Amino acid sequence: MKFRIKITIENVDSSKKTYNLLQQYFPYITYLKFNIHSFNKSANHWIDITLAQWQRRIAIFNIEMIVGKIEDINQVALVNQLNIPFRQGYAYGHPENLKNK
C-alpha cells in the first residue's frame, strides 16, 4: 500500500526569514496557509515578499495557497485578482453550528 501524506504549513507571513526557513521543504509541502493580515503594509511593518511573489515561487513545486482571515472587500478583491481558490474568513461567513442542520 502506498501512502500520500499531505503537509500544510500554517501562519506563513511576508518575511524573507520565513521564506528562507521553508524553502528547503518546498518539495514536501502540499499547502501553505497565509494570514492575509501579514501582508498589510504599515509604517512599522515592511513586506519582504508579497502574496503574488509567494504564488510565483511556490508554483514551481505545485504547492497550493490557502489564505485565511479574509474580512473585507479589499482582501476579497486581492485573492480574486490572484485567483487563489482556497480561502477562509468572515468575508465568506461566520462560524456556525453544523450539528443543528
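Phenylalanine 26 and tryptophan 54 are both buried, and they make a good starting point for a tour of this predicted model.

**The aromatic pair**

A search of the whole structure turns up 7 aromatic pairs. One of them joins phenylalanine 26 and tryptophan 54 in an edge-to-face arrangement, with 6.4 Å from centre to centre and 65 degrees between the planes. Phenylalanine 26 belongs to the loop between helix 1 (16–23) and strand 2 (31–35), while tryptophan 54 is part of helix 2 (residues 51–59), so their pairing ties together parts that are 28 residues apart in sequence.

**The wider cluster**

Both residues also belong to one aromatic cluster, which is made up of Tyr19, Phe26, Phe34, Phe39, Trp54 and Phe61. Tyrosine 19 has a charged partner too: the charged end of arginine 57 sits over its ring, 4.7 Å from the centre.

Here are the two ring contacts side by side.

| Partners | Arrangement | Distance |
|---|---|---|
| Phenylalanine 26, tryptophan 54 | edge-to-face | 6.4 Å, centre to centre |
| Arginine 57, tyrosine 19 | charged end over the ring | 4.7 Å from the ring centre |

**The whole protein**

Stepping back, the protein has 3 helices and 4 strands, and from the N terminus on they follow the order β-α-β-α-β-α-β. Its C-alpha trace spans about 50 × 40 × 20 Å along the principal axes. Among contacts with a separation of 6 or more, 51% link residues 24 or more positions apart.

Of the 101 residues, 33% count as buried. The protein exposes about 7500 Å², and carbon and sulfur atoms supply 52% of that area. As for charge, the mean positions of the 13 positive and 7 negative charges lie 7 Å apart.

Terms used
Residues numbered from 1 in each chain as written. Predicted model: local features only at pLDDT ≥ 70, side-chain atom pairs only at ≥ 80, totals over all residues. Heavy atoms only, no water. Phe/Tyr/Trp six-rings, centres within 6.5 Å; stacked < 30°, edge-to-face > 60°. Helix = DSSP H or I, 4+ residues; strand = E, 2+ residues; numbered from the N terminus. Buried < 20%, exposed > 50% of the residue type's maximum accessible area, 1.4 Å probe, protein only. Lys NZ or Arg CZ within 6 Å of the ring centre and 35° of its normal. Contact = heavy atoms within 4.5 Å. Areas by Shrake-Rupley, 256 points an atom, 1.4 Å probe, with all protein chains shown as cover. Lys, Arg positive; Asp, Glu negative; His and termini not counted. Charge placed at Lys NZ, Arg CZ, Asp CG, Glu CD.
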